[in-house]
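Reader: Hey, got a minute to go through this model with me? I'd like to start with how the chains touch.

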There are 4 protein chains.
Amino acid sequence: MSRLSIVVWGENVHEHRNPKVGAIYPEGMHEAIAAGLRASGAGLEVSTATLQQPEHGLTTARLAATDVLVWWGHMAHGEVAEAIVDRVQARVLEGMGLIVLHSGHYSKIFKRLMGTTCSLTWREADERERLWVCNPGHPIAQGIDRCFELPAEEMYGEPFGIPAPDEQVFISWFEGGEVFRSGCCWHRGNGRIFYFRPGHETYPTYHDANVRRVIANAVRWAAPQGARWVDSCPNAKEPREKIGR
Amino acid sequence: MSRLSIVVWGENVHEHRNPKVGAIYPEGMHEAIAAGLRASGAGLEVSTATLQQPEHGLTTARLAATDVLVWWGHMAHGEVAEAIVDRVQARVLEGMGLIVLHSGHYSKIFKRLMGTTCSLTWREADERERLWVCNPGHPIAQGIDRCFELPAEEMYGEPFGIPAPDEQVFISWFEGGEVFRSGCCWHRGNGRIFYFRPGHETYPTYHDANVRRVIANAVRWAAPQGARWVDSCPNAKEPREKIGR
Amino acid sequence: MSRLSIVVWGENVHEHRNPKVGAIYPEGMHEAIAAGLRASGAGLEVSTATLQQPEHGLTTARLAATDVLVWWGHMAHGEVAEAIVDRVQARVLEGMGLIVLHSGHYSKIFKRLMGTTCSLTWREADERERLWVCNPGHPIAQGIDRCFELPAEEMYGEPFGIPAPDEQVFISWFEGGEVFRSGCCWHRGNGRIFYFRPGHETYPTYHDANVRRVIANAVRWAAPQGARWVDSCPNAKEPREKIGR
Amino acid sequence: MSRLSIVVWGENVHEHRNPKVGAIYPEGMHEAIAAGLRASGAGLEVSTATLQQPEHGLTTARLAATDVLVWWGHMAHGEVAEAIVDRVQARVLEGMGLIVLHSGHYSKIFKRLMGTTCSLTWREADERERLWVCNPGHPIAQGIDRCFELPAEEMYGEPFGIPAPDEQVFISWFEGGEVFRSGCCWHRGNGRIFYFRPGHETYPTYHDANVRRVIANAVRWAAPQGARWVDSCPNAKEPREKIGR
């Protein structure tokens, strides 16, 4: 099997404005996520792209060669060009996998693919998060124990404004008393989509071994399965059966 | 129970450009659909709206008072203002029902809510369509026999680029040899969505008793079920449990 | 609209063997659940049935006249006759609603309808449960705040061995650190099924106002929507179209 | 990757009673299906099992070593021992893939896993069947054109009494005027299930190249993805968090 081509897209703004974030992720959050993927075993060709690059680093040619796109964004969702969102959406429906992380719940691309508000409740209070596995046999949960903990994270709580997930992989428990559907799968067109909750910028979440394991599992799960179907509303002029008999 | 407020939205263009369509629907397709609903029994307050009206007839106040919106559009999808689509989408997610008819598969509002291409194959060849009931116990299929026929319709064929429906109510057989998922249900946010295939503008489909029955059942099925939840990503500052013990 | 006929089925064993349970539910758990439904407003005709009655109180005639069946069982799942389970399953597929409570997750009827293990993890430790609403617009969540608490309950934890729910209404947070999908909806055949977690026999859970509200909402949500379809694998001898042209 | 272990299970009754069937499948239908899989490329270890063997050829040890089970049955569904059905169901929920063919819609194992009637309408009239691909990007549809035809088959028609499929891969058009959801995917526990309609015993359907291609794709799609989770309702005695503070 040829290697999977993975692009980790980072908004790359907090890292340069907030010294705390810069200290945790000196090369940017996207590079930390990419490093985790590169260390996860054979079979992946991992590169990064950022908001600041021309076309946000997501040219048509590059997307056409990408198997799975990982997305982290937060404060600059509004700066992502609609034309690039159109392009990413089309590639997902054509078969490219998409892994949406944390605050990416409010990214244009995730809201586009879900069709819903994607809203939630939240709190920044350095609280413990425990992620429970809802299906221990799911490919994305392999190598993860019954649950794993993050000592301090931002809280996300229900209601989470999403369509019913095709598969529920994780649900989070928070120290402050909330719960959240923190690992959700959907199929849209030919593409597979996984939302994974952890990863607030002020915590070293993307250095955590379990979080890295989940993301590494997820990109393999989301790899394209079939042909790149070009769907274009064709006129089927010639009927298969005789009409008007 | 108070009456349901139904708005039938019509693009209202073919009727004025194509004499054949004008002859079948002298008051517009939207008025024929509305007439069918008015004749369907008690409990509905039915009005119409069109593309040409200010704000396409869909002001914030009117939508706020609408329980179910029925949508027919085709050649002028591109003329529907994005701001109005935003508004309709928000109301559906808040709980308003939406019935999308025929060529509305390519409307902005349907593509927004599905997140997929919504493409299909098609042919105009005056062919027989037979719609089969997939679940005779479904509210939308009440009063319909095992199947019903339309003597001449446009053909729509698979693949239909939609997310897997929550419920499959009808599948169509076409004389020329194709099949199509012609009655599909989804829940998005608090709203219910039903796509119903028949209704090409050059045929008297919206005068057909079975088609009228299905649409009348569908608006009742899609009526809001609960509170109008306003979802706004609130900060849950005060935790329910003590953090940091 | 005519009144809905509701039958609350209780295993009725713990109440007679454990004085603690008998003290909380002197007339049986089923009677407490029925009392909550009777107090919930107009439109319900509520009766009860128990394991010890002939045919467990679920004769063919009675089931045929039942709109929604509520089920609580635990230690005597194995004593429920297969023939009665067949009968209940057939009625659910025909359109009768089914509300399965707490330890009913391991009842024969629930496992039959789900097709999966329906297993979970558990602990009896008098711990606080907080049930979060995942969709505030859902009919079953009406009248419930963002969440509600039970001061002491048995814990049920993920993984819960169920098919992906059609709709997720509640998720529970437990004091001891677990989470659970505690309110789940499915459609099977013409019937609607709702699983609701709370209700361990040693706690006064079915006297709780919020729990009663949820069950009262659920029976109304699960009421039959359409015709009682009798499905029997018929031979459609006469084709609609000529074969062999 | 190690080879997938595939077992093709055949009822093996029609072949010995009906000379027409025996002529088409001289070594049994199961051997024809197995031959198609063996010819489908590398990576499969294919064997067969039949009703007449001890334990129907499905011992605990053999099932434990099986990755995907293919099932064809019809007139002898009732002769399949409940204990073997229990065993197969447990293995599917543990992760073994299951491909159910044609009249297997009424097998005990399929009805167990679905929880519904699995009924349909039918007709034997040597009619043309055309299977349309609903998602050209699905792994099971790879190598298949927009549709393929079988010149003569038994007809199966809607309503098909199944839970809503997770993914719809094929829908059939029949010459006599019916339609049917002929390729459907579900996830249950850790296992993947695919139902595929064609294959009446009196036609050479399992010698057809497209049918063989679909079954070969399906067994690869249904291969176990993760750990063999043993789920047993464990008591989680030790809470992760302190209770009763």
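Reader: So how many residues of chain B are in contact with chain D, and how many on the chain D side?

Author: Keep in mind that this is a predicted model. The contact takes in 19 residues of chain B and 19 residues of chain D.

Reader: Which strands of chain B supply at least two residues each to that side?

Author: Those are S5 (121–133) and S7 (167–174) of chain B. S7(B) gives the most, with four residues.

Reader: And how does that side of chain B divide into nonpolar, polar and charged?

Author: You get 10 nonpolar, three polar and six charged residues on the side of chain B that touches chain D.

Reader: OK, switching to the sheet in chain D. What's the strand order?

Author: The order is S2-S1-S3-S4-S9-S8-S7-S5-S6 in chain D, an open sheet of nine strands with mixed pairing. S2 (44–50) and S6 (147–157) of chain D are the edge strands; each has a single partner, so one side of each has no neighbour in the sheet. From one strand to the next, the twist averages 25 degrees.

Reader: How many bridges join S5 and S7 of chain D, and do they run parallel or antiparallel?

Author: Five bridges join S5(D) to S7(D), and the two strands run antiparallel. One of the pairs: Val133(D) has Phe170(D) in S7(D) as its bridge partner.

Reader: Which strands does H3 of chain D touch?

Author: H3(D), residues 29–38, packs on the sheet and touches S1, S2 and S3 of chain D. Its direction makes about 175 degrees with that of S2(D). H5(D), residues 82–94, also packs on the sheet, against S3, S4, S8 and S9 of chain D, and its direction makes about 115 degrees with that of S9(D).

Reader: Over to chain A. At what angle do H3 and H7 of chain A pack?

Author: About 70 degrees, with the axes of H3(A) and H7(A) 9 Å apart. That angle falls in the 65 to 115 range, so H3(A) and H7(A) are roughly perpendicular to each other.

Reader: Which residues meet there?

Author: Ile33(A), Gly36(A) and Leu37(A) from H3(A) meet Arg212(A), Ile215(A), Ala216(A) and Val219(A) from H7(A). By class, that contact has five nonpolar, one polar and one charged residues.

Reader: Last one: what span should H7 of chain B have?

Author: It has 13 residues, so at 1.5 Å a residue H7(B) should span 18 Å, and its end C-alpha atoms are 18 Å apart, which agrees. Buried residues in H7(B) include Val211(B), Asn217(B) and Trp221(B).

Definitions and conventions
Residues numbered from 1 in each chain as written. Chains lettered and ligands numbered in written order. Predicted model: local features only at pLDDT ≥ 70, side-chain atom pairs only at ≥ 80, totals over all residues. Expected span 1.5 Å × (residues − 1). Buried ≥ 20, exposed ≤ 12 C-beta atoms within 10 Å, placed from the backbone. Pairing = 2+ DSSP bridges. Axes fitted to C-alpha atoms, helices over the stretch in contact; angles between N-to-C directions. Contact = placed C-beta atoms within 7 Å. Nonpolar A, V, L, I, M, F, W, Y, C, P; charged D, E, K, R; others polar. Parallel < 35°, antiparallel > 145°, perpendicular 65-115°, else oblique.
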